[in-house]
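Reader: I would like to learn how to read aromatic pairs and strand pairing in a protein model. Could you take me through one?

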Amino acid sequence: EPRALIRDLLHAAYRILEGSKANGSTVYVADPWLWRAMTDGGANENSTVYSDYNAQLLNPSVFYINGKVALRAVRRDGLKPEAPRFTEFNQLPILGSASVMALPLLAGSTRNSVLAVLQ
């Protein structure tokens with residue numbers, strides 16, 4: 001299930017970053033199909049562990065890169081997502097920076113097939 005996959009990706013990122021100075025991870029979903037798959041049926045009302053995440057699925061923050069690509073943003077901890085630190089996909093991945101890391105989830109081998117970004 002795509003929603004569970006992204007939720008688990010966020011959870012794993014939080015566990016990896018646990019104890020670091022990172023202030024939160026955000027998933028930016030660019031692909032409309034993936035977003036629809038994540039939100040089909042609404043949030044899982046029985047889940048209390050991911051209740052903040054589920055609430056964001058119903059009302060995500062939306063950011064635009066290149067003035068036209070919509071990125072729907074969610075954070076597992078329920079805090080308001082920050083704006084992406086990249087302005088176009090060809091800037092990804094961002095590695096080795098003291099303040100940010102951004103990794104694309106690609107559908108293929110080109111930057112034109114970015115499904116989502118973990119920042």
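Author: Happily; we will go from the overall layout to the rings and then to the strands. This is a predicted model, where local features need pLDDT of at least 70, side-chain atom pairs count only at pLDDT 80 or more, and totals for chains, interfaces and linings use all residues. Residues are numbered from 1 along each chain as its sequence is written, and side-chain values use heavy atoms, with hydrogens and water left out.

Reader: Which elements does the chain contain, and in what order do they run?

Author: Helices (H or I, at least four residues) and strands (E, at least two) are DSSP runs, numbered from the N terminus. Here there are three helices and five strands, in the order α-β-α-α-β-β-β-β from the N terminus.

Reader: How much of the chain is buried?

Author: Buried means under 20% relative accessible area, exposed over 50%, and partly exposed in between, with a 1.4 Å probe and protein chains only. Of the 119 residues in the chain, 39% are buried.

Reader: How is a pair of aromatic rings described?

Author: Two values do it: the distance of the centres and the angle of the planes. Rings of Phe, Tyr and Trp (its six-membered ring) pair if their centres lie within 6.5 Å; planes under 30 degrees apart count as stacked, over 60 as edge-to-face and the rest as tilted. By this rule the chain has two aromatic pairs. One of them, tyrosine 28 with phenylalanine 63, is edge-to-face, at 6.1 Å between centres and 70° between planes. This pair links strand E1 (residues 26-29), home of tyrosine 28, to strand E2 (residues 61-65), home of phenylalanine 63, 35 residues apart. Both tyrosine 28 and phenylalanine 63 are buried.

Reader: Why is the pair of tyrosine 28 and phenylalanine 86 called edge-to-face?

Author: Because their planes stand at 90°, with the ring centres 6.0 Å apart. Phenylalanine 86 sits in the loop between strand E3 (69-75) and strand E4 (103-106), so its pairing with tyrosine 28 in strand E1 ties together parts 58 residues apart in sequence. Phenylalanine 86 counts as buried because its relative accessibility is 2%. Ring pairs thus join Tyr28, Phe63 and Phe86 in a cluster.

Reader: And the strands: what is the bridge partner of tyrosine 28 in E5?

Author: Two strands pair if DSSP finds at least two bridges between them. E1 and E5 run antiparallel, joined by three bridges, and the partner of tyrosine 28 in E5 is valine 117. Four bridges join E4 to E5, also antiparallel, and valine 117 is the bridge partner of proline 104 too. Strand E5 (residues 114-118) is mostly covered, with four of its five residues buried.
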